[in-house]
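Got the viewer open? Let's take a walk through this protein, one selection at a time.

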Amino acid sequence: MATSEYEESANLEVLNANLARIETLTQRLIAAFAKKQPQRSELQAPDPSLYLRAASAYWQEMVHNPSKVLEQQVGYWGKTLKHFVEAQEALREHPLVAPEDNTPDDKRFSNPLWRTHPYFNYIKQQYLLSSEAIEKAIENLDTLDPRERSRLEFFGRQIIDMMAPTNFLGTNPDALMRAVETEGESLVKGLENLVRDIEANNGELLVTLSDREAFKVGGNIGTSEGSVVFRNRMFELIQYKPSTEQVHETPLLIFPPWINKFYILDLKPQNSLIKWIVDQGYTLYVVSWVNPDASYADVGMDTYVEEGYLEAIAKVKELCAVKQVNVIGYCIAGTTLSLTLALLDKRKDKSVKSATFFTTLTDFSDQGEVGVFLEDDFVDGIEAEADAKGYLHSYYMTKTFSYLRSNDLIYGPAIRSYMLGEAPPAFDLLFWNGDGTNLPGRMVVEYLRGLCQRDELCSTGFKMLGETLHISGVKVPVCAIACETDHIAAWRSSFRGVSKMGSTNKTFILSESGHIAGIVNPPSKKKYGHYTSDHPLDGDAEGWKAEAEYHPGSWWPRWEEWLRARSGKLISARPVGDSVLAPAPGTYVLANPSG
């Protein structure tokens, strides 16, 4: 048999094998979609009335200021036609050459064909022109309420990002080239990845960001040595083994957010804040929150304070035989720490010596980017879901935060996985990001309604455990770290909340980068710097920043110097207590209730 016949036979065999795999995968895909549970519309999209009001505002502009609208339309048509003519001229004079491309750099269009190939270049430039026209149309809706326009800008951007030509096989040169190079194998692998993700999420599509088999909590991440020394239904308390002969007398207790798992602070030894703190000579305790299921429907913000914060503080005081502890609250755990400190002030309880806040919002008068999901159209749906099931599944929070960075956390990973057929990367941070937790039903509604929507902590006061708690009740020495590009807890909002605290001893540090990278920023990497300022913490965030001094490198050593001054004398290192329930990272962090 001739060589070409052998090749043709081999290719046919590969094709038949791939077709058989596609048939099997299609059957699995249909079965996986059948498991999808119906969802409330409020959890999927904003109320349609938002778009109706936008349309009404647009027509008002047309009636009252027609020249403005026509100018925008004619400008868009002119740019589109001009680009079409340029593309035609380039093809007439130089076959298969794209016209001059002065569009800004965009990592979605990094393949050289987007600039050089007339087909892909034409599609890209038309997409960018249309995107610009949509954005300007929304921006110019002067009669629309600013808050509604902000939401419309966000959801308009979601539609623009979703319709990017990179998201479709026929207009993605990377995917087409890979399919040709692999004789279609990449597309079959992509289908396998798609089916895997839908099966893993009970009929929902949630792209896997990291190789789930590459990491094991307590195996190669979350490995700092310690022991669970206390457990109740809300949390496990981990005491970390000392690495120095002496430690400061006042122990340190970290409250991580219960929206995620605590080991973001202990991914690996090189960037572990937990290990670094222990190495500086502190007795360190960390709370590992339970991952709740329907049996936690009765748990509210008061439960987290009473059975979580107060219980943990009391236990650390008992184990270390001290009267005071230093505490840290991260994100929502910092918000709840503020409630706890205000409650302790009401009770004249001096158990907390100082408090550190990581990326914490207490003033919700400006909710930042995440505010688009805090209107009634979404919160009503969340409340209905929480009431029906007793808890909010981690899927919803993961999906919500992903849309705040949709190109990085949805479309980019989906293209690599489903179109290019690539396996998810072995990336510890993305592994943690996908390891979400559920939220108790009563707690999530109280948080969204009372704190986020009504801003009660900084206005009328948040009623809890028989008291009305206000941000002014936070009177212990405070150090707050915010992050410059944080899309979850905007630094200006964080600053505003700190400025309203009743403490007369407040320090504010602004780290470069975002919600996670700005906090998990070890000194050894020398990656992100930070700002400090002597400007008073009076609510004037811009004035503070204008006078701030930039410091290269991590904020960790600067904060540790602040903490050291409030941590007492050096004593012999405390060994882990006798009543060890489990080795770190414990058992709660491994639990993933189904639902």
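Start with the lining of the largest cavity: sorted by class, it has seven nonpolar, four polar and one charged residues. Keep in mind as you click that this is a predicted model. To see the lining, select Pro256, Asn260, Lys261, Phe262, Val287, Ser288, Trp289, Val290, Asn291, Thr437, Tyr588 and Val589. The hole they surround has a volume of about 70 Å³. How many cavities of 30 Å³ or more does a search of the whole structure find? It finds two.

**Next stop: the sheet**

Switch to a cartoon view and pick out the strands. Eleven of them form an open sheet with mixed pairing. Going across, the order is S15-S14-S13-S12-S7-S6-S4-S5-S2-S1-S17. Which strands sit at the edges? Strand S15 (549-551) and strand S17 (582-583) do, and each pairs on one side only.

Now zoom in on strand S4 (residues 252-255) and strand S6 (residues 325-330). These two run parallel and are joined by four bridges. To find a bridge, click Phe255, then look for its partner in S6, Gly329.

**What lies on the sheet**

Select helix H19 (residues 556-564), which packs on the sheet. H19 touches S4, S6, S7, strand S12 (478-483), strand S13 (506-511), strand S14 (530-532) and S15. Its direction makes about 165° with that of S7. Then bring up H11, which lies across S4, S6 and strand S7 (352-358) and runs at about 155° to S7.

**Two helix pairs**

Stay with H11 and add its neighbour. Helix H10 (residues 301-320) and helix H11 (residues 332-346) pack at an angle of about 75°, with axes 10 Å apart. That angle is why H10 counts as roughly perpendicular to H11. Show side chains for the contact: Met301, Val305, Tyr309 and Leu310 come from H10, while H11 brings Ala333, Thr336, Leu337, Leu339, Thr340, Leu343 and Leu344. Colour them by class and you get nine nonpolar, two polar and no charged residues.

Last, jump to helix H5 (residues 118-139) and helix H6 (residues 146-162). Their axes come within 10 Å and cross at roughly 170°, so H5 and H6 are roughly antiparallel to each other. On the H5 side, select Tyr127, Ser131, Ile134, Glu135, Ile138 and Glu139. On the H6 side, take Arg149, Leu152, Glu153, Gly156, Arg157, Ile160 and Asp161. Colour this contact by class too: there are five nonpolar, two polar and six charged residues.

Definitions and conventions
Residues are numbered from 1 along each chain as its sequence is written. This is a predicted model: local features need pLDDT of at least 70, side-chain atom pairs count only at pLDDT 80 or more; totals for chains, interfaces and linings use all residues. Side-chain values use heavy atoms; hydrogens and water are left out. Axes are lines fitted to C-alpha atoms, for helices over the stretch in contact, and angles run from 0 to 180 degrees between N-to-C directions. Angles under 35 degrees count as roughly parallel, over 145 as roughly antiparallel, 65 to 115 as roughly perpendicular and the rest as oblique. Contact means heavy atoms within 4.5 Å. Ala, Val, Leu, Ile, Met, Phe, Trp, Tyr, Cys and Pro count as nonpolar, Asp, Glu, Lys and Arg as charged, and the others, Gly among them, as polar. On a 1 Å grid over the protein atoms alone, a cavity is a set of points where a 1.4 Å probe fits but cannot get out, and a pocket is an open set with protein on both sides within 12 Å along at least five of seven lines; lining residues have an atom within 4 Å of a point. Grid points are joined across faces, edges and corners, and a volume is the space filled by probe spheres set on the points. Two strands pair if DSSP finds at least two bridges between them.
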